[in-house]
Each structure stands twice: as C-alpha cells, then as structure tokens.
Amino acid sequence: MNHDHYDDAYIADWLGKVRTIAVVGASPKPERPSHGVARFLALHGYKVFAINPGQAGRNIAGLPTYGRLADVPEPIDMVDVFRAPEYLAAVVDEALALSPRPKLIWTQLGVRDDSAAAKAEAAGVAVIMDRCPAIEIPRLRLPRVA
C-alpha cells in the first residue's frame, strides 16, 4: 500500500471498525501527546489500554497499563504507536506474535517505517502511518463509538 496518502473514507472505515486500542508508548505525563490521545480515544468510546513497561500495573490517563502487548487480557483491534520510527519494527513483531493479531497498526505523526509496514501488511495487518486518530476523528466528524 502507498502510505504517502490515505483516502478519508479509508481512515473513517478503520476508525469505525476498531473497538479496542493499545497505545504503545503511553506516557504518565499529562502534557505528553500520548497521554492526551489515549484519554481522547477512551472518551470517544474506544476501550483503550496503555502500554508502557515502566508503568505496568499503574494507570495512565485513568487507563489500565501493561508492560507489553502480550500482557493485555483481551484481543486488540488497533495498536497505536507512540514510539520513534526505529522502534516500529519491534512493535510490529510484537503485534504479529499476538493471537489473534490486531487488525490495524496505526503510527503517530512522524512515525514511519515502510519496511515494518510491509511486514505487517504481508501478515494481513493493515497499517496507517504518520497520522493521529485524535486529529482524524474530529476532522472527519466521526461519531463516538458504541
């Protein structure tokens, strides 16, 4: 897939399909974007899990926090990545090791690794890179999920 551009309908369709989201790299600091996005997604109706090895067992933005994706006690539809691009391949590997696998890997603004994306897509997992769902949801005027 060409990750230079996404149709609005493609983004809206994915954000309408997912229900559970793991935010990898969630920060306990309220001023950090990952904290605000995790909170925004939860307030928008998604079931959100924070992933941060140093904060496992605590709450981030009022959300349960786990050390790694495999620790989340239920299937994850979307992995939202707040890690530097050089860590994306490792996050993809961790996501692909899950059973069932997530349907979508989403990377935040500035996070892009085309080879990691190709690996996920070859395994049947969709990828959206260099976008923020907390920007896209209001821009596309998407309703709160049920």
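**Helix H4**

I started on the outside of H4: Ser115 and Ala122 are exposed there, on the face turned away from the helix's buried side. Worth noting up front that I'm working from a predicted model.

Next I looked up the other face. Which residues of H4 are buried? I found Ala116, Ala117 and Ala120. Viewed down the axis of H4, these buried residues stay within an arc of 100 degrees, so they line one face of the helix. I then checked what they pack against, and got helix H3 (88–96), E6 and strand E7 (126–128).

Past the end of H4 I came to Gly124, which has a positive phi, near 90 degrees.

**Asp113**

I stepped back to Asp113, which sits in the loop between strand E6 (104–107) and helix H4 (114–122). Asp113 is buried, but I found no salt bridge for it. Which side chain of opposite charge is nearest to Asp113? That is Arg112, and it is 8.2 Å away.

What I did find is a polar contact: the Asp113 side chain meets the side chain of Ser115 at 2.8 Å. So far, then, Ser115 has come up twice, as an exposed residue of H4 and as the polar partner of Asp113.

I also listed what Asp113 touches, leaving out residues up to four places away in sequence: Pro85, Leu88, Ala89 and Met129.

**Arg112 and the other salt bridges**

My search of the whole structure turned up 10 salt bridges. Arg112 has one of its own, with Asp4, where the closest N and O atoms are 2.9 Å apart. This pair links distant parts of the chain, 108 residues apart: Arg112 is in the loop between E6 and H4, and Asp4 is in the segment before H1. Buried or exposed, where does Asp4 fall? Asp4 is exposed, at a relative accessible area of 60%. Arg112 counts as partly exposed because its relative accessibility is 31%, and the partly exposed class runs between 20% and 50%.

Then I went to H5 (133–139). Arg139 and Glu136 form a salt bridge there, 2.7 Å from N to O. They are three residues apart in helix H5, so about one helical turn separates them. Glu136 is buried, at a relative accessible area of 6%, whereas Arg139 is partly exposed at 41% relative accessibility. I followed this pair outward and found a network of salt bridges linking Asp8, Arg131, Glu136 and Arg139.

**Helix H1**

Another pair turned up in H1: Asp13 and Lys17 form a salt bridge, with the closest N and O atoms 3.2 Å apart. Both lie in helix H1, four residues apart, about one turn of the helix. I looked up their exposure too: Asp13 is partly exposed at 40% relative accessibility, and Lys17 is partly exposed with a relative accessible area of 43%.

For the buried side of H1 (residues 8–17), I noted Ile11, Trp14 and Leu15. They cover an arc of only 95 degrees around the axis, which puts them on the same side of H1. What covers these buried residues? I found E6, E7 and helix H5 among the elements that do. E6 and E7 also came up earlier, as elements that the buried residues of H4 pack against.

**Ala90**

Last look-up: Ala90, in helix H3. Ala90 counts as partly exposed, at 49% relative accessibility. I checked its spacing from Val72 as well: the two are 18 residues apart in sequence and 17 Å apart in space, C-alpha to C-alpha.

Note on methods:
Residues numbered from 1 in each chain as written. Predicted model: local features only at pLDDT ≥ 70, side-chain atom pairs only at ≥ 80, totals over all residues. Heavy atoms only, no water. Helix = DSSP H or I, 4+ residues; strand = E, 2+ residues; numbered from the N terminus. Buried < 20%, exposed > 50% of the residue type's maximum accessible area, 1.4 Å probe, protein only. Lys, Arg positive; Asp, Glu negative; His and termini not counted. Salt bridge = Lys/Arg side-chain N within 4 Å of Asp/Glu carboxyl O. Polar contact = N/O pair within 3.5 Å; in protein donor to acceptor, adjacent residues only side chain to side chain. Contact = heavy atoms within 4.5 Å. Arc of directions from axis to C-beta.
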